[in-house]
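Here are a few friendly notes to go with the structure. Please have it open as you read them.

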Amino acid sequence: MVPAPVAGAGRRIGMSTIIAEPGETTFAGDTAAARTLETLAFEPIQSSLPAPFQTRLAVTPLVGAHLASFDADAARLIDLDPAQVQRPEFVAYLNGERPWPGAEPSAMVYAGHQFGVYVPQLGDGRAISFGQVRNARGELWDLQSKGAGPTPYSRFADGRAVLRSTIREYLCSAAMHALGGPTTRALAIVASSEPVVRESVETGALVLRMAPSHIRFGSFEFFFHRGQHELVRTLADHVIAHHCPAFARRGGEGGQPDYAEWFGDIVERTARMIAHWQAVGFAHGVMNTDNMSIHGITLDYGPFGFLEAFDAGLICNHSDEGGRYAFDNQPGIGYWNLACLAQALTPLLEVDTLKAMLARYEPAYSGRFLALMRAKLGLTAARDDDLDLVRELFAQMQHSRADYTIVFRRLCDLGASGGPRASAQVRDLFLDRERFERWGARYRARVLEDSGSETFDDPARAARMRGVNPKFILRNYLAQTAIEAAQRGDYAEIGRLLHLLQHPFDEHPAHESYAALPPDWATGIAVSCSS
Ligand code: AMP
Ligand code: MG
């Protein structure tokens, strides 16, 4: 496999504004982005699926709904002029107070393995898709309102999402995208005054999230385990026709879609997604098969966390008592989940074929992970012992509980003529300084060999490294600060954080504190499945 560059490196995503002044967020000369809420190019293809796959229904309006935040970059994805988001109709459409022209709202059924146990009936219990919008580049984006009220799949729950969890999902999907990871996106948060009961009484909110589709591994498992094998095929054909046309009628028998290559592609995408999580230090928290996207994108941000003080066994979900979804279990769980999907696809493919495709997981994972880690270390060529170099650094970070993001960001300064001060700044993050010096010497030698140069200082390498090692990540306490302000009705912090997270590789000198070690109170934050 050709080592892929770190996606997102040095990328400038462009304008992004939250509750912008009127007129601030227009697309000068960008006609594709000039669509209004009423002229969005809805092509509700999901509703072309027969009834057992989804139920048509409307959003149940929240009381006192109002716009809390929006992401102009996400608006651009559906060619929507961001100024439109500030029209009162936007909230009215999202909140089901008015039918959205062109939309055909519906909720989908699915099942899933939750913490290893098969649960035969799940589904969009609190999410309603308005339909799919095709942008000028031909991409499809399913617009889904999460927290939209009860659906036939709500089981005994209220169909709502609290403000706290929508803020976390909204911010983290933007952060993941800016870090170069495949992910759902989020257009806006609508807050409300409607009481929603969790451990305490909170308020309900909606997040409008977007993905090619929100179809999950569990969508296939639902029909397979009910013995409705023809519907597994219908769903696969639907996904291939609308989202992966490259696999339609290629190598398959009798002009059938190439199910084998399609599954192989899902395997590789999933492997690459998880490699990216491991490289940026992201723990998803609830890798149930109903939270695994068929498109290999990060889906359902709940009790996630980023590595701060390095802990390979980080369990970020307070409800995950056994640590099934601990940080270092993620690559193995990804494979386990794909095996569940493989089982659900046995009506379409021979077991040997499925196994052959599953075997693509490990090389796809390792290839991407190593490519990302080399980029983080500023290396351009591959060497066999690179994994060992990375492992030793991880072992030392674990021993010292060094902050993952800060270590890598400081490593960038080593080559930027920072001299002994830069070296000391990294070394001081480690308890066993001599051991770190030994690693440092090995790293220097490796860099010199890689560059073919006599001198270690190399501003170009340092700049390259700063383009892949973020200065800003969504630390739990930063999210918590934005959440507490929002709960008091002040949404400005969400906007500030969004801006930093969308440009995580830039210096933002005015916001140095957001890149610092978390304060002591941060260790007390517990995040659970409750949302
Ligand atoms: P999650 O843990 O958020 O991935 O949710 C697992 C399942 O429970 C999904 O089918 C959700 O739609 C459903 N669910 C979670 N919270 C609620 C809620 N408040 N109301 C209805 N369904 C919910
Ligand atoms: Mg879910």
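1. I would begin at the ligand, with asparagine 291: an N or O atom in the side chain of asparagine 291 lies 3.0 Å from an oxygen atom of ligand 1. Please keep in mind that this is a predicted model, and that the distance to asparagine 291 is computed from it.

2. Two further polar neighbours deserve a look, both facing nitrogen on the ligand side. Glycine 159 contributes a polar backbone atom, 2.8 Å from a nitrogen atom of ligand 1. Arginine 126 contributes a polar side-chain atom, and the distance from there to a nitrogen atom of ligand 1 is 3.2 Å.

3. For the wider surroundings, count 16 residues around ligand 1. The closest are Gly123, Gly125, Arg155, Asp158 and Gly159. You will recognise Gly159 from the previous point, where its backbone makes the 2.8 Å approach to a ligand nitrogen.

4. Now to the helices. How do α3 and α15 pack? Helix α3 spans residues 163-178 and helix α15 residues 476-487; the angle between them is about 135°, and their axes are 10 Å apart. At about 135°, which is not over the 145 needed for roughly antiparallel, the two helices are therefore oblique to each other. Their crossing is right-handed.

5. From α3, the residues in this contact are Leu163, Arg164, Ile167 and Arg168; from α15 they are Asn476, Ala479, Ala482, Ile483, Ala486 and Gln487. By class, this contact of α3 with α15 holds six nonpolar, two polar and two charged residues.

6. A second helix pair is worth setting beside it. Helix α4 (residues 217-225) packs against helix α7 (residues 330-344) at an angle of about 40°, with 8 Å between their axes. An angle of about 40° is not under the 35 degrees that would count as roughly parallel, so α4 and α7 are likewise oblique to each other. The crossing of α4 and α7 is left-handed.

7. Which residues of α4 and α7 meet? On α4 they are Phe217, Phe220, Glu221, Phe224 and His225, and on α7 they are Asn337, Leu338, Cys340, Leu341, Gln343 and Ala344. Sorted by class, the contact of α4 with α7 comprises seven nonpolar, three polar and one charged residues.

Conventions: Residues are numbered from 1 along each chain as its sequence is written. Chains are lettered from A and ligands numbered from 1 in the order in which they are written. This is a predicted model: local features need pLDDT of at least 70, side-chain atom pairs count only at pLDDT 80 or more; totals for chains, interfaces and linings use all residues. Side-chain values use heavy atoms; hydrogens and water are left out. Axes are lines fitted to C-alpha atoms, for helices over the stretch in contact, and angles run from 0 to 180 degrees between N-to-C directions. Helices (H or I, at least four residues) and strands (E, at least two) are DSSP runs, numbered from the N terminus. Angles under 35 degrees count as roughly parallel, over 145 as roughly antiparallel, 65 to 115 as roughly perpendicular and the rest as oblique. A crossing is left-handed if the near helix is turned anticlockwise from the far one by less than a right angle, and right-handed if clockwise. Contact means heavy atoms within 4.5 Å. Ala, Val, Leu, Ile, Met, Phe, Trp, Tyr, Cys and Pro count as nonpolar, Asp, Glu, Lys and Arg as charged, and the others, Gly among them, as polar. A residue is near a molecule or strand if one of its heavy atoms lies within 4 Å of it. A polar contact is a pair of N or O atoms within 3.5 Å; within protein, one must be able to donate a hydrogen and the other to accept it, and residues adjacent in sequence count only if both atoms are side-chain atoms.
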